[in-house]
Structure formats: structure tokens, C-alpha cells
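Subject: Structure for you, with notes

Hi,

Here is the structure I promised to send over. Have a look at it first, and then read on for what turned up.

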Amino acid sequence: MDTINRETETLSRIRLQESIILLLSRWYALQMAIKNQWGGCDSLQKSHQLASHLFSWLSKSNAPIRIEDLENLLYESMLLTFNTEIEDGSIEQVAEQLLAIHEDYLLHRSY
């Protein structure tokens, strides 16, 4: 039984990581920042660091996360890392989707 729980946890973590990467790869504002190197020549690496940071935070949290915290993290990351302010409403949309991804992760990892 313990092996099944570990496997379930591992699969849940993989699904969480893949979902975050997929979401960020579809975020137009972030992709523009990468393409135009608004964060410098290592913009792609910086986007990977954002995905890694989000994965670490979401995978360690056992409680629901506040949408405002996600929005602030995304806003600060885009401003400080990519030197751009996003005002098209996409930060809020991405934060909502991350919240749903995290809720799904919490639900499925406990099976």
C-alpha cells in the first residue's frame, strides 16, 4: 500500500509540473518576453526558473493558496525578471489557472 501511495504522489507531482510548464508555454505575455529577450539573453532560462519556483511552491503547499499571492508572484516576476508590466489581465487569468491546477493536485495526490 505504501508503494502505491508513493507512486500516486510521484504521478501527481509530474502532472503538476507538466501542467505548470504547459500553462506558462501558452501565456502570450511570457512568451513575448522570452522571444524579445526582455529579461536579457537568458530569458528562456528565467522562464524555466519561474516554472521551477511555481512548482516548488505549489507542490509544498498542503492548503489552498490565495489568488492574490499567485498574482503578486507573477506580477513581480514579470516586472523584476523580464522588466515588463503586464496590464492585459493575463496575470489574473494565469493565477486563476494555477489555482485550479493546485486544487487538482491536492485532490489527486491524496488518493
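What follows is a walk through the fold, the core, some of the helices and a few single residues.

First of all, keep in mind that this is a predicted model.

**Overall picture**

The chain has five helices and zero strands, so to speak an α-α-α-α-α pattern when you read along the sequence. Its C-alpha atoms fill a box of roughly 50 × 25 × 20 Å along the principal axes. Of the 111 residues, 37% count as buried. If you take contacts between residues at least 6 apart in sequence, 69% of them join residues at least 24 apart. The exposed surface comes to about 6900 Å², with carbon and sulfur atoms supplying 52% of that.

**The core**

Nonpolar side chains tend to be buried together in soluble globular proteins. Here the largest nonpolar core has 29 residues, and the members that touch the most others are Ile 20, Trp 27, Leu 54, Leu 74 and Leu 98. The elements giving two or more residues to this core are H1 (2–25), H2 (28–35), H3 (43–60), H4 (67–82) and H5 (90–109). H5 provides the largest share, eight residues.

Leu 74 is a good place to start clicking. Which residues does Leu 74 contact, leaving aside its neighbours within four places in sequence? The list is Trp 27, Leu 54, Ile 91, Val 94, Ala 95 and Leu 98.

**H4 and H5**

H4 has 16 residues, which at 1.5 Å a residue should span 22 Å; the end C-alpha atoms are 21 Å apart, in agreement with that. Its buried residues are Leu 70, Leu 73, Leu 74, Ser 77, Met 78 and Phe 82. Looking down the axis of H4, these buried residues fall within an arc of 125 degrees, so they line one face of the helix. They pack against H2, H3 and H5. After H4 comes Asn 83, with a positive phi near 55 degrees.

H5 has 20 residues and reaches 28 Å from its first C-alpha to its last, close to the 28 Å expected at 1.5 Å a residue. Its buried residues are Ser 90, Ile 91, Val 94, Ala 95, Leu 98, Leu 99, Ile 101, His 102, Tyr 105, Leu 106 and Arg 109. Ile 91, Val 94, Ala 95 and Leu 98 from that list are also contacts of Leu 74.

**H2 and its surroundings**

In H2, the buried residues are Ala 29, Leu 30, Ala 33 and Ile 34. They cover an arc of only 140 degrees around the axis, which puts them on the same side of H2. Tyr 28 and Lys 35 are exposed on the other side of H2. Gln 37 follows H2, and its phi is positive, near 55 degrees.

For a link from H2 to H3, try Gln 45, which is found in H3. Gln 45 and Ile 34 are eleven residues apart in sequence, with their C-alpha atoms 9.0 Å apart in space. Is Gln 45 buried or partly exposed? Gln 45 is partly exposed, because its relative accessible area is 44%, between the 20% and 50% cut-offs.

**A buried serine in a loop**

Ser 61 sits in the loop between H3 and H4. With a relative accessible area of 15%, Ser 61 counts as buried, because the cut-off for that is under 20%. Beyond its neighbours within four places in sequence, Ser 61 is in contact with His 102 and Leu 106. Both of these appear among the buried residues of H5.

**Salt bridges**

Side chains of opposite charge can pair when their charged atoms come close. How many salt bridges does a search of the whole structure find? It finds two:

- Lys 46 with Asp 42, where the closest N and O atoms are 3.6 Å apart. Lys 46 is partly exposed at 21% relative accessibility, and Asp 42 is partly exposed too, at 36%.
- Asp 69 with Arg 66, at 3.2 Å from N to O. Asp 69 is partly exposed, with a relative accessible area of 29%.

That's the lot from me.

Cheers

Definitions and conventions
Residues numbered from 1 in each chain as written. Predicted model: local features only at pLDDT ≥ 70, side-chain atom pairs only at ≥ 80, totals over all residues. Heavy atoms only, no water. Core = buried A, V, L, I, M, F, W, Y, C linked by side-chain atoms within 4.5 Å. Buried < 20%, exposed > 50% of the residue type's maximum accessible area, 1.4 Å probe, protein only. Helix = DSSP H or I, 4+ residues; strand = E, 2+ residues; numbered from the N terminus. Contact = heavy atoms within 4.5 Å. Salt bridge = Lys/Arg side-chain N within 4 Å of Asp/Glu carboxyl O. Expected span 1.5 Å × (residues − 1). Arc of directions from axis to C-beta. Areas by Shrake-Rupley, 256 points an atom, 1.4 Å probe, with all protein chains shown as cover.
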